[in-house]
Amino acid sequence: MKRQGVDAIIVAAGRGLRAGGGTPKQWRELHGAPVVEHTLRAFRTHPDIKKIVLVIHPEDSERCKTLQTQPDLFANGGASRAASVRAGLDALSDNPAQGVLIHDVARPCVSHKLISNVIEPLYDSAAAAPALPVTDALWTGMDGHVTGTHPRDGLFRAQTPQGFRYRAIREAHSHYNGPAADDVEVARAAGIEVSVVPGDEDNLKITHASDFARAERILGGRMKIRLGNGFDVHAFGPGDHVTLCGVKIPHDHGLVGHSDADVAMHTVTDAIYGALAMGDIGQHFPPSDPQWKGADSAVFLRHAVDLAAQEGLTIGNIDCTIICEAPKIGPHAQAMRESMAQIMGVDVGVVSVKATTSEKLGFTGRGEGIACMATCMLEGK
Ligand SMILES: Nc1ccn([C@@H]2O[C@H](COP(=O)(O)OP(=O)(O)OP(=O)(O)O)[C@@H](O)[C@H]2O)c(=O)n1
Ligand SMILES: C[C@](O)(CO)[C@H](O)COP(=O)(O)O
């Protein structure tokens, strides 16, 4: 199979009866977002995933509109997991990748490493699926009593995502009748050999209500934190105001710049690009490009926040220090915080704007311009 990435089917049409709680488990809140959002995000942010199909219950179609991470395709599932998988395979039939991963929405803690471990063997074998060897002793039992023991050698606990060649698994499903625990069972019935790759204890399937607490702990412990800093300087020139963090402040000079010269907003924008390791403002909005002449710097800040969102990251907090002798920043700091919070779509409580003089030293001390430094923390899964 060519190394061109694979498609993913996420089956989410079950009703989660064993988990209880009224709302189907995939739509219940887990670590700040619905379960389905975590699962989608894990696949969407993996570099080798091409298209994603989300197989849903028709009753959930309104809920899907609220998802921040959208799949490429939706399909309506069936009465069994296997029927839902078939609907997902059909949805891909117009332009399928050579390989496909099939995953339970109820496994939201799936890691990029596990997804890669399943994709890699698919390039030169027919199918691969993750599993963990059974390590506990196995008993049989009845009416609360142990009735026997069972050898555990060669027994595995199967997980998803399970990876296949698209055409082979579609063909296998089309001939399969009866119940199937998973797609490996369907594949094996069609004679497809499946390689076992190491599973991950954290890749639990939320089945019962108590599994939510464990998934919460796993996601909480896995928080991704990225830090970035920004620094920028703009010289004073003719004018009667400066614009800082989107707030117009009367002053006996303006700031010189290609855009609106909002030195503070540029600094915060650069701190976000820095946290993402995605260059700087000059790279994304070259000063040589006439379209940015006089531009509102909110455009730059929003661009950086959107890039972060594409990486599954949100603003944890921002701290911005403006360095100048004048104008006085204090009376405007709250308005500046509110302005940037609104542009970034975050709570004002995570945006700090403060100021200092440089004790009349250096270029800021001589009143030649304004300097600014900022730190940004991005967080996400
Ligand atoms: N008709 C079905 C049944 C199950 N699934 C999906 O298959 C996965 C594994 O199923 P399970 O954990 O059993 O989920 P539910 O069927 O929702 O749970 P329950 O059996 O407790 O009702 C889940 O992602 C579920 O949404 C599906 O897409 N269509
Ligand atoms: C596919 C699966 O996740 C493999 O472990 C599992 O079989 C699906 O869950 P269910 O409880 O059997 O529906």
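**Exercise 1. Find which residues come nearest to ligand 1, and sort its surroundings by class and element.**

Start with the shell itself: 22 residues lie around ligand 1, where a residue is near a molecule if its C-beta atom, placed from the backbone, lies within 6 Å of it. Of these, Val11, Ala13, Gly14, Arg18 and Ser84 come nearest. Next, look at the elements: β1 (6–12) and α3 (81–91) are the ones that give two or more residues to this shell. Helices (H or I, at least four residues) and strands (E, at least two) are DSSP runs here, numbered from the N terminus. Last, the classes: the shell has nine nonpolar, eight polar and five charged residues. Ala, Val, Leu, Ile, Met, Phe, Trp, Tyr, Cys and Pro count as nonpolar, Asp, Glu, Lys and Arg as charged, and the others, Gly among them, as polar.

A word on what you're looking at: this is a predicted model, in which local features need pLDDT of at least 70, side-chain atom pairs count only at pLDDT 80 or more, and totals for chains, interfaces and linings use all residues. Residues are numbered from 1 along each chain as its sequence is written, while chains are lettered from A and ligands numbered from 1 in the order in which they are written.

**Exercise 2. Do the same for ligand 2.**

Go round the ligand and you meet Arg81, Asp104, Ala158, Gln159, Thr160, Ala181, Asp182, Lys205 and Thr207. Sorted by class, that gives two nonpolar, three polar and four charged residues. Now follow Thr160 one step along the chain: a cis peptide bond joins threonine 160 and proline 161, with omega about 10°. Proline 161 sits in the loop between β10 (156–158) and β11 (162–165).

**Exercise 3. State how confident the predictor is.**

Take the chain: its mean pLDDT (the predictor's confidence in each residue, from 0 to 100) is 96, and 100% of its residues reach 70 or more. Then take the model scores, which are ipTM 0.93 and pTM 0.71.

**Exercise 4. Split the chain into domains and locate its nonpolar cores.**

First the domains: the assignment, which is automatic or from a database, gives domain 1 (6–221) and domain 2 (224–380). Their centres, taken over C-alpha atoms, are 44 Å apart.

Then the cores. A nonpolar core is a set of buried Ala, Val, Leu, Ile, Met, Phe, Trp, Tyr and Cys residues joined through C-beta atoms within 7 Å. Buried means 20 or more other C-beta atoms within 10 Å of the residue's own, exposed 12 or fewer, and partly exposed in between, with C-beta atoms placed from the backbone. The largest core has 54 residues, and Ile9, Ile10, Val11, Ala12, Val55, Val100 and Val118 have the most contacts inside it. Another core, of 42 residues, lies apart from it and includes Phe236, Met265, Met340 and Leu378.

Finally, zoom in on Val11. Not counting residues up to four places away in sequence, its contacts include Val55, Arg81, Ser84 and Asp104; contact means C-beta atoms, placed from the backbone, within 7 Å.

**Exercise 5. Why is helix α1 described as largely enclosed?**

Count the buried residues: eight of the 10 in α1 (35–44) are buried, so the rest of the structure largely encloses this helix. Name them: Val35, Val36, Glu37, His38, Thr39, Leu40, Ala42 and Phe43. Then see what they pack against: β1, β2 (29–30), β3 (33–34), β4 (49–56), α4 (112–122) and α7 (211–221).

**Exercise 6. Buried, exposed or partly exposed: which is Tyr166, and which is Asp183?**

Tyrosine 166, in helix α5 (166–175), has 19 C-beta neighbours inside 10 Å, so it counts as partly exposed. Among its contacts beyond four places in sequence are Leu92, Pro96 and Ala97. Tyrosine 166 and alanine 97 are 69 residues apart along the chain, yet 7.1 Å separates their C-alpha atoms.

Aspartate 183 lies in helix α6 (183–189) and is buried, with 32 other C-beta atoms within 10 Å. Leaving aside neighbours within four places in sequence, aspartate 183 touches Val85, Ile102, Gln162, Phe164 and Ile169.

**Exercise 7. Pick out the backbone oddities from alanine 277 onwards.**

Alanine 277 has a positive phi of about 55° although it isn't a glycine. Its loop runs between α8 (263–276) and α9 (281–284), and with 9 C-beta neighbours inside 10 Å alanine 277 counts as exposed. Further on, a cis peptide bond joins alanine 326 and proline 327, omega about 0°.

Methods. Contact = placed C-beta atoms within 7 Å.
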